[in-house]
Amino acid sequence: MVSRFYNFGPGPATVPEPVLNKAREDLPEWHSSGMSVIEMSHRGKDFVGIAEHAEAILRELLAIPSSYRVLFLQGGATGQFAAVPLNLKRDKAKFAYLSTGLWSEKAIAEAKRYGEVQIVASSKERGYTAIPSRSDWNIDPDAAYLHYTANETIGGVEFQSIPEVESLTLVADMSSNILSRPVDVSRFGVIYAGAQKNLGPAGITLVIVREDLIGHAHPFTPSILDYKLQADNGSMLNTPPTYNWYLLGLVLEWIKEQGGIPAIEARNIRKADKLYAAIDASSFYSNPVDPAVRSRMNVPFLLAKTDLEKAFLAEAKAHGLVNLEGHRSVGGLRAST
Ligand SMILES: *Cc1c(COP(=O)(O)O)cnc(C)c1O
């Protein structure tokens, strides 16, 4: 593998080369099992071992308390946009959401199908380049939960700390920044993430849910989105995405080998600092985001002469740097790290 690009795509995203090489080694036959992981029964001893190993490393990396269940589901983060309101509604009428970008908007639109959404605060009028300050939030204490998008992948806006919400259940979409910085899981009711940004392959979705929130799903909840049915069945209510689960485990092993989240975070800070410093020092590149909440994961930028974008992308590609286009909904450029 000598001709690999530097892939700045947000997700599916670049995977560490040692992980790809390990997967290649294991592909035809996993550990003298006589078959590929792709071919194994999900209920067999070998695959159950692979699945449990992935969960164990994740629990270690994030120091997940024993009062939380870890689920490996399908349907992506988008599936969780529905699963969260359906599982957490109980007898409450409202869901509270912070609106900080296009992924927040999508989560809100889905939640509205299942109840009334209260927008706690929004940075829409500022073009989603900021996070509304905590003193301006208007939280209904009777909401079922407060949901926020920890990192807005498109706008490049990232919460730098966990919001203070007193006794309200906190839910976070961490699709594009999970494992990039330490996080105190005990502050959350639910954390979810599609895997294709920070955890490996598309097609598997991580859900970390506090035990007391399990078992109260709305009766219309599809079985595959029901946290209790999935928790009771080891995330194997139906056939899980076995190969993706295995690949996710390899990525977690690699992160552990690097020194865990502190080492990964240090790397992320170095990369983001370099990028923002280059942008800020230049009169040609610019980044519109409030510096206090700039994302370490996704760095959107504009050229002083927007008509040079095509030439920029072509020359970047000639240097082996690809997928630097901004999201199709906002244009511009973006480097996802
Ligand atoms: C990519 C992304 C999603 C959507 O994920 P899917 O797995 O494609 O459903 C949701 N939220 C955030 C923050 C994302 O970056």
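Colleague: Which residue in strand 12 is the bridge partner of Ser 286?

Modeller: In this predicted model, the partner of Ser 286 is Leu 302.

Colleague: What makes strand 11 and strand 12 a pair, given the bridges that join them?

Modeller: Pairing needs at least two bridges between the strands. Strand 11 and strand 12 (residues 298–303) are joined by two bridges and run antiparallel, so the requirement is met and they count as paired.

Colleague: What order do the three strands of that open sheet take?

Modeller: The order is 11-12-14, with antiparallel pairing.

Colleague: Why do strand 11 and strand 14 stand at the edges?

Modeller: Strand 11 (285–286) and strand 14 (333–336) each have a single partner strand, so one side of each has no neighbour in the sheet.

Colleague: How do you know that strand 10 pairs with strand 2 and with strand 9?

Modeller: The cut-off is again at least two bridges. Strand 2 (residues 68–73) is joined to strand 10 by six bridges, and strand 9 (residues 190–194) by five. Both counts satisfy the cut-off, so both are pairs. Each runs antiparallel to strand 10. As for individual positions, Leu 71 is opposite Val 207 in strand 10, and Gly 194 is opposite Thr 205 in strand 10.

Colleague: What makes strand 10 mostly covered?

Modeller: Five of its six residues are buried.

Colleague: Why is Leu 225 called buried?

Modeller: The term applies under 20% relative accessible area. Leu 225 has 11%, so it is buried. Leu 225 sits in the loop between strand 10 (205–210) and helix 5 (227–232).

Colleague: Which residues is Leu 225 in contact with, leaving aside neighbours within four places in sequence?

Modeller: Those residues are Gly 79, Gln 80, Ala 82, Ala 83 and Asn 87. His 31, by comparison, is 194 residues from Leu 225 in sequence and 33 Å from it in space, C-alpha to C-alpha.

Colleague: Why does Thr 129 count as buried?

Modeller: Its relative accessibility is 17%, and buried means under 20%, so Thr 129 falls on the buried side of the cut-off. Thr 129 belongs to the loop between strand 4 (116–122) and strand 5 (146–149).

Colleague: What does Thr 129 touch, not counting residues up to four places away in sequence?

Modeller: Thr 129 touches Val 157, Pro 288, Val 289, Asp 290 and Val 293.

Colleague: What makes the approach of Thr 129 to the backbone oxygen of Arg 126 a polar contact?

Modeller: The distance limit is 3.5 Å, with one atom able to donate a hydrogen and the other to accept it. A polar atom of the Thr 129 side chain lies 2.7 Å from the backbone oxygen of Arg 126, so the pair is within the limit.

Colleague: How do you know that Asp 173 and Gln 196 make polar contacts with the ligand?

Modeller: The test is a pair of N or O atoms within 3.5 Å. For Asp 173, a polar side-chain atom is 2.6 Å from a nitrogen atom of the ligand. For Gln 196, a side-chain N or O atom is 3.0 Å from an oxygen atom of the ligand. Ala 77 uses its backbone instead: an N or O atom there is 3.1 Å from a ligand oxygen atom. The three distances are within the limit, so each is a polar contact. On its own the ligand has 380 Å² of accessible area, of which the protein covers 87%.

Colleague: How many residues surround the ligand, and which are the closest?

Modeller: There are 13, and the closest are Thr 78, Thr 153, Asp 173, Gln 196 and Lys 197. By class, the shell holds three nonpolar, eight polar and two charged residues. Helix 3 (residues 76–88) supplies the largest share, four residues.

Colleague: What is the phi of Leu 179, and what of Ser 235?

Modeller: Phi is near 70 degrees for Leu 179 and near 60 degrees for Ser 235. Each is a positive value in a residue other than glycine. Leu 179 lies in the loop between strand 8 (170–173) and strand 9, and Ser 235 in the loop between helix 5 and helix 6 (242–258).

Colleague: Why are Leu 179 and Ser 235 called buried?

Modeller: With a cut-off of under 20%, the relative accessible areas decide it: Leu 179 has 3% and Ser 235 has 4%, so both are buried.

Colleague: Where is Pro 12, and what is the omega of the peptide bond from Gly 11?

Modeller: Pro 12 is in the loop between strand 1 (6–7) and helix 1 (17–26). The bond from Gly 11 to Pro 12 is cis, with omega near -5 degrees.

Technical notes: Residues are numbered from 1 along each chain as its sequence is written. This is a predicted model: local features need pLDDT of at least 70, side-chain atom pairs count only at pLDDT 80 or more; totals for chains, interfaces and linings use all residues. Side-chain values use heavy atoms; hydrogens and water are left out. Buried means under 20% relative accessible area, exposed over 50%, partly exposed in between (1.4 Å probe, protein chains only). Contact means heavy atoms within 4.5 Å. A residue is near a molecule or strand if one of its heavy atoms lies within 4 Å of it. Accessible areas come from the Shrake-Rupley method with a 1.4 Å probe; for residues, only the protein chains shown count as cover. Ala, Val, Leu, Ile, Met, Phe, Trp, Tyr, Cys and Pro count as nonpolar, Asp, Glu, Lys and Arg as charged, and the others, Gly among them, as polar.
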